Amino acid sequence: MTIAVLNSNPAPAILPGSGGMRGALSDVFWRKPKLLLLLMLLPPVLWLGIVYIGSLFALLLQSFFSIDEFSGLINREFTLKTYGDLLQAANLDIILRTVTMAALVTLASAVIAFPIAYYAARYARGRWKALFYLGIMLPLWSSYLVKIYAWKLILAKEGILTWLLAKLHLLWLVDGWLLLPIVGGNSLSVSSTGTFIVFVYVWLPFMILPVQAALERVPGNLVEASSDLGASPGQTFRNVLFPLALPGIVAGSIFTFSLTLGDYIIPQIIGTSRLFIGQAVYSQQGTAGNIPLAAAFTVVPIVIMGFYLWGAKRMGAFDAL
Amino acid sequence: MRSDGSQPAPLGLKVAAACGLLFLHLPILLIFIYAFTTEEKSFVWPPPGLTTQWFAVTWNRPDVWQALSLSVRVAAISTAVALVLGTLCAAAVSRTRFFGRETISLLVILPIALPGIITGIALRSAFSLAEIPFSFWTIVLGHATFCVVVVYNNAVARFRRTSGSMIEASMDLGADGFQTFRHVVLPNIATALLAGGMLAFALSFDEVIVTTFTAGQQQTLPIWMLEELIRPRQRPVTNVVAMVVVLVTLLPILAAYYLTRDGDQIAGSGK
């Protein structure tokens with residue numbers, strides 16, 4: 001590539017050295033590589049350190065403030081009162097609901113992702129491989145809101161899903177499901193089932209990619225050896241493929257779990273009025289104006305993800321990322 | 001996974017994989033049909049009729065144009081900042097080993113690893129503590145922070161493939177540091193940077209969670225869309241905007257894929 005660039009220039013192949021300030025500066029960098037390194041690192045580290053870590057620190061600080069219940073003003077004194085408020089039954093309910101949803105979404109994504117990832121890793125070749133790659137990448141990068149909007153269209157009472165089920169004479173199935181407590185509701189677009197489907201849809205590509213990466217590294221003859229030794233496909237899956245894919249699944253679950261924990265838009269648009277952690281944070285800082293409690297709420301997903309990442313690291317999931 | 005024998009895939013696997021891919025793509029295709037529906041008040045399927053009039057209506061909506069223009073400006077400046085910061089960081093991390101190198105990779109990845117709502121509310125509380133009013137620049141500040149990682153990932157992957165001996169050869173032939181960067185390093189990493197920049201642009205163009213916390217009263221296109229999702233005013237216009245957004249984000253992803261597909265690490269796998 002370099003040669004091509006030099007040839008395309010009408011200038012001589014060896015450029016004249018630049019003198020003056022620039023040359024001097026270049027010499028200084030050559031003699032002191034540490035200085036150059038420092039200068040290169042300074043802008044990104046300053047930006048991320050001040051803007052991001054600084055903000056996180058400001059957030060953590062706020063969670064130790066409290067709100068004056070009468071005036072609604074924030075009392076800037078160190079207190080653990082806000083964390084006490086966090087442990088109220090209603091808030092614990094929100095945390096439990098969100099974690100359960102995150103776990104179910106992760107499980108469902110893993111089940112749907114595995115066949116796609118396995119086919120892409122083992123059987124897709126050449127043109128098909130590229131097609132699979134783009135087939136996963138395009139939904140991953142498609143607009144998040146447009147994806148949610150598409151599901152609003154699908155799950156609407158007058159929408160395509162009802163139409164399709166009516167054609168198949170299966171409407172009673174959905175109606176029966178919607179009558180159930182917790183998962184049900186007036187229609188799919190205002191039920192927890194709807195929230196669950198949209199979560200799975202939106203985070204699925206984040207699960208497929210690491211699982212595929214893990215499966216790409218499994219030698220094909222391992223699977224053949226297993227069946228040569230008399231294992232049924234089910235046994236091969238349980239004893240050979242699944243254990244080897246597990247780090248990839250755990251790596252993918254980091255995304256699906258963390259993204260579900262922090263999301264507040266999906267349950268707001270498609271779901272019941274029961275809150276998730278993200279919505280609680282949003283309403284506490286917005287309408288309620290209780291930034292300390294909102295800050296304390298955000299500490300919950302950070303702590304949960306901290307434990308999750310620690311566990312994932314012990315399972316070797318980071319090598320699969 | 002390499003298998004020398006090329007036996008066909010089991011039927012069950014084929015069906016499951018095909019269903020999975022359909023599940024991923026059909027909802028997005030549905031958007032394209034709804035953009036042409038004549039129905040205004042509901043999401044009724046099948047559409048009672050098809051029309052192209054909503055494209056004209058959308059074209060004449062100043063609020064859509066304003067939101068679009070703000071989104072494009074924010075994405076352009078955030079991408080520019082992310083390109084500089086991400087490249088510097090990638091160059092530093094890949095060419096030398098130094099104390100704290102792992103910490104720096106973690107620092108770059110953190111804004112995208114933690115849920116967006118945390119980044120958003122952290123920025124918002126920092127702005128309120130420092131008494132910075134919301135503006136165009138507060139949005140850029142947030143976006144640039146999480147765009148750095150996309151550029152960084154692409155640049156690091158390319159630096160890993162670029163041999164250090166080329167830089168040494170250039171220096172041996174008498175080029176100074178700047179000339180080496182201009183004529184040797186830059187041509188080698190250019191396509192990776194272009195791909196990273198496009199992905200960063202797409203990421204910023206689509207971002208909504210952090211933006212709701214840093215935008216104040218201004219509307220980027222995703223915020224406009226979110227408003228329409230919560231309180232629908234004119235559904236056909238939303239349908240058309242949704243379709244355009246899909247097309248606009250499609251192009252950078254395809255371009256980034258074609259720019260980096262020869263490499264061992266293809267752009268886009270780390271969103």
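Student: What does a UniProt feature position mean here, in this predicted model?

Tutor: UniProt positions are given in the numbering used here, and annotations may be inferred rather than shown by experiment. The model is predicted. From the UniProt record, an unreviewed entry, comes the feature "domain: ABC transmembrane type-1" at residues 68-256 of chain B.

Student: What is the helix content of residues 68-256 of chain B?

Tutor: The span is 84% helix and 0% strand. Its end C-alpha atoms lie 22 Å apart.

Student: Why is helix 6 of chain A called oblique to helix 11 of chain B?

Tutor: Start with the angle. The axes of helix 6 (residues 126-141) of chain A and helix 11 (residues 235-260) of chain B cross at roughly 140 degrees. Roughly antiparallel needs over 145, and roughly perpendicular runs from 65 to 115. The crossing angle therefore makes helix 6 of chain A oblique to helix 11 of chain B. The axes come within 10 Å, and the crossing is right-handed.

Student: Which residues of these two helices meet?

Tutor: From helix 6 of chain A come A:Leu134, A:Met137, A:Leu138 and A:Trp141. They meet B:Thr249, B:Leu250, B:Ile253 and B:Tyr257 in helix 11 of chain B. By class, the residues of this contact are 7 nonpolar, 1 polar and no charged.

Student: How many residues does each chain give to the contact between the chains?

Tutor: Chain A gives 86 residues and chain B gives 80 residues. On the side of chain A, helix 3 (residues 33-62) gives the most, with 16 residues.

Student: What makes up the side of chain A that touches chain B, by class?

Tutor: It has 62 nonpolar, 18 polar and 6 charged residues.

Definitions and conventions: Residues numbered from 1 in each chain as written. Chains lettered and ligands numbered in written order. Predicted model: local features only at pLDDT ≥ 70, side-chain atom pairs only at ≥ 80, totals over all residues. Helix = DSSP H or I, 4+ residues; strand = E, 2+ residues; numbered from the N terminus. Axes fitted to C-alpha atoms, helices over the stretch in contact; angles between N-to-C directions. Parallel < 35°, antiparallel > 145°, perpendicular 65-115°, else oblique. Left-handed = near helix turned anticlockwise from the far one by under 90°. Contact = placed C-beta atoms within 7 Å. Nonpolar A, V, L, I, M, F, W, Y, C, P; charged D, E, K, R; others polar.
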